[in-house]
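Here is a report on a predicted two-chain model. Please view the chains together before reading on.

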There are 2 protein chains.
Amino acid sequence: MTARMLVNGVAAEQVSAMDRGLAYGDGLFESIRLVGTVAPLWSRHMHRLAASCERLRMPAPDTTQLWREAQEVTRDMPHSVVRITLTRGIGERGYALPVAPRPTRVVVAFAPPQTPRQIYAQGARMRVCDIRLAEQPLLAGMKHLNRLEQVLARAEWSDPVIAEGVLCDSHDRVISATMANLFAVVDGELLTPALDRCGVAGVARAEVLATYPQIQVDELTLDALLGASEVFLSSSVRGILPVRSLGERDYPVGEITRQLQQHWRNLGFTMEQGG
Amino acid sequence: MTARMLVNGVAAEQVSAMDRGLAYGDGLFESIRLVGTVAPLWSRHMHRLAASCERLRMPAPDTTQLWREAQEVTRDMPHSVVRITLTRGIGERGYALPVAPRPTRVVVAFAPPQTPRQIYAQGARMRVCDIRLAEQPLLAGMKHLNRLEQVLARAEWSDPVIAEGVLCDSHDRVISATMANLFAVVDGELLTPALDRCGVAGVARAEVLATYPQIQVDELTLDALLGASEVFLSSSVRGILPVRSLGERDYPVGEITRQLQQHWRNLGFTMEQGG
């Protein structure tokens, strides 16, 4: 039998109740899409994880070990999502960093979320979330375990027709969707929000940026987004999703969106079947 | 043998690795000081916990059950701190709220932190932290599990002579210390920062507010704090701590601080022995 979850390399389903990941959200995670044994964005995930460990002053991850464990938990799964959680480990009461931290490592396999084919073809309907993301440059960009803002944002709606929500900061600058990064073509220019004050810098976003070096990484106001000619989302788990509407505003599925969906297939993803 | 930790009422030391407390910091905690079987601020802790559960759309806690469990884990301990952690429970991958959440409840007993008598007598030395707290009104005031800002703040210094750090927001408004709330006498007026945009509204702070109804709850700039004639901290675990210095600025231990320390003894706390 294949273990679908490994905790510090051992088949297990629990972690210490004293773990700082639980106590303070003191850690990081990555959600990684695999097709069979291939994870096309693996190196980008590992790059972000290592960079974030450095920012949080956590020991660097052993990426070879993580790869071995990701392969073990997904064995015989044609399509999977691996969540890797890395925390600062067990600690005593109190915020001070442990003198000799021993990180906790959870590697678990899931079936990919069921995203209807229609969303890849015709696009996702979105709304603007009421919550405004707080600005914290020291945490911005990282996929850390402090995600209450996303939980509250996602709790704002239950209508299954709405696939995603736009998150803005307190100055009505668009930052991202709740589970994905966002791109827009505004006045003929491809643009994605800067993420130096809030938001998560997704690995799919990094792949899009590498594919289109001319993208502007800049402020994107809500007004500018409503005036965009093309809008799409990037997600390491779901790939490239066209956006068909934001509230009352409709968007066509654009050329760049289609090109990137093709790029994703070229990378080895098969979203329409697996996701 | 007495269990020092209960997970959902059962002697255990682990929680599910799928718990949303670990995945997203999706939950709350309380750190409660007991002297023998007495927890003088218990009802304030339970009030905050219930109010925060409502804000996070979590089921209300069973406070009778929590009291029973707090008594069980601290049995035969003359002095203790009980940490109660309440999460939204086990969830699938994704931020959306579970349809029928079954919260996870961790109740664990610790020995109180060793605070030197000298600090109660002569005061704590403090520094101003570099990190600026992000402003998120929807999370402000709660003792939730998203505490990376406090972890980063506490990691800024290792000098054991410095007992605490002042946390400001991005407008250089003083909010609190890293583990305590802060009060200052400025131009003869007792003042504590408003916590509607960031910070944790401590139960010891609530006790101080109830004791001195004339306190101003308002903005406190860093400049005003440096010009204060008396500064002290409140903590549910450590009680009332005078502040003797902030960087180069020295403060005398003031009258209100001494009165509140006496009030804390009257409540049944015995900080100098136990803490």
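The report takes the interface first, then strands of chain A, then parts of chain B.

This is a predicted model, in which local features need pLDDT of at least 70 and side-chain atom pairs count only at pLDDT 80 or more, while totals for chains, interfaces and linings use all residues. Residues are numbered from 1 along each chain as its sequence is written, chains are lettered from A and ligands numbered from 1 in the order in which they are written, and side-chain values use heavy atoms, with hydrogens and water left out.

## The interface of chains A and B

The size of an interface is often given as the accessible area lost when the parts come together. Here the area buried between chain A and chain B is about 4600 Å². Buried area is the accessible area (1.4 Å probe) that two parts lose on being put together, summed over both. Carbon and sulfur atoms give 68% of it. On the side of chain A, A:Arg93, A:Tyr95 and A:Leu148 lose the most area to chain B, together 19% of what that side buries.

Chain A brings 55 residues to the contact and chain B brings 55 residues. Contact means heavy atoms within 4.5 Å. Between the chains, 19 residue pairs are in polar contact, both residues being at pLDDT 80 or more. A polar contact is a pair of N or O atoms within 3.5 Å; within protein, one must be able to donate a hydrogen and the other to accept it, and residues adjacent in sequence count only if both atoms are side-chain atoms. Zero salt bridges cross the interface, a salt bridge being a side-chain nitrogen of Lys or Arg within 4 Å of a carboxyl oxygen of Asp or Glu.

Several elements of chain A give two or more residues to the side that touches chain B, including strand E3 (14–16), strand E7 (124–133) and helix H5 (148–154). Helices (H or I, at least four residues) and strands (E, at least two) are DSSP runs, numbered from the N terminus. H5(A) gives the most, with six residues. The residues of this side of chain A divide into 29 nonpolar, eleven polar and 15 charged. Ala, Val, Leu, Ile, Met, Phe, Trp, Tyr, Cys and Pro count as nonpolar, Asp, Glu, Lys and Arg as charged, and the others, Gly among them, as polar.

Strands also pair between the chains. E3(A) and strand E3 (residues 14–16) of chain B run antiparallel over three bridges. A:Ser16 has B:Gln14 as its bridge partner. Two strands pair if DSSP finds at least two bridges between them.

## Two covered strands of chain A

Strand E14 (residues 239–246) of chain A has seven of its eight residues buried. Buried means under 20% relative accessible area, exposed over 50%, partly exposed in between (1.4 Å probe, protein chains only). In strand E10 (residues 181–186) of chain A, six of six residues are buried. A:Asn181, A:Phe183 and A:Val185 point one way from E10(A), and A:Leu182, A:Ala184 and A:Val186 the other way.

The pairings of these strands are set out below.

| Strands | Sense and bridges | Bridge partners |
|---|---|---|
| E7(A), E14(A) | parallel, three bridges | A:Arg125, A:Ser245 |
| E13(A), E14(A) | antiparallel, four bridges | A:Ser234, A:Ile240 |
| E14(A), E15(A) | antiparallel, two bridges | A:Ser245, A:Asp250 |
| E10(A), E13(A) | antiparallel, five bridges | A:Phe183, A:Phe232 |
| E10(A), E11(A) | antiparallel, three bridges | A:Val186, A:Glu189 |

Hairpins come next. E13(A) and E14(A) are joined through three residues. E14(A) and E15(A) have two residues between them, and A:Gly247 in the turn has a positive phi of about 60°. The hairpin of E10(A) and E11(A) also has two residues between the strands, with A:Asp187 at a positive phi near 50°.

## Chain B: a sheet, a helix and an arginine

Five strands of chain B form an open sheet in the order E2-E1-E6-E5-E4, with antiparallel pairing. Strand E2 (10–11) and strand E4 (27–35) stand at the edges, each with a single partner strand, so one side of each is left without a neighbour in the sheet. Inside the order, E1(B) and E6(B) pair over three bridges. B:Leu6 stands opposite B:Val107.

Helix H3 (residues 63–73) of chain B has B:Leu66, B:Glu69, B:Ala70, B:Gln71 and B:Val73 buried. These residues pack against E1, E4, helix H2 (42–55), strand E5 (79–87) and E6 of chain B. At the start of H3(B), a side-chain oxygen of B:Asp62 comes within 3.2 Å of the backbone nitrogen of B:Thr64.

B:Arg33 sits in strand E4 of chain B. Is B:Arg33 buried or exposed? B:Arg33 is buried, with a relative accessible area of 2%. A polar atom of its side chain lies 3.4 Å from the backbone oxygen of B:Val237.
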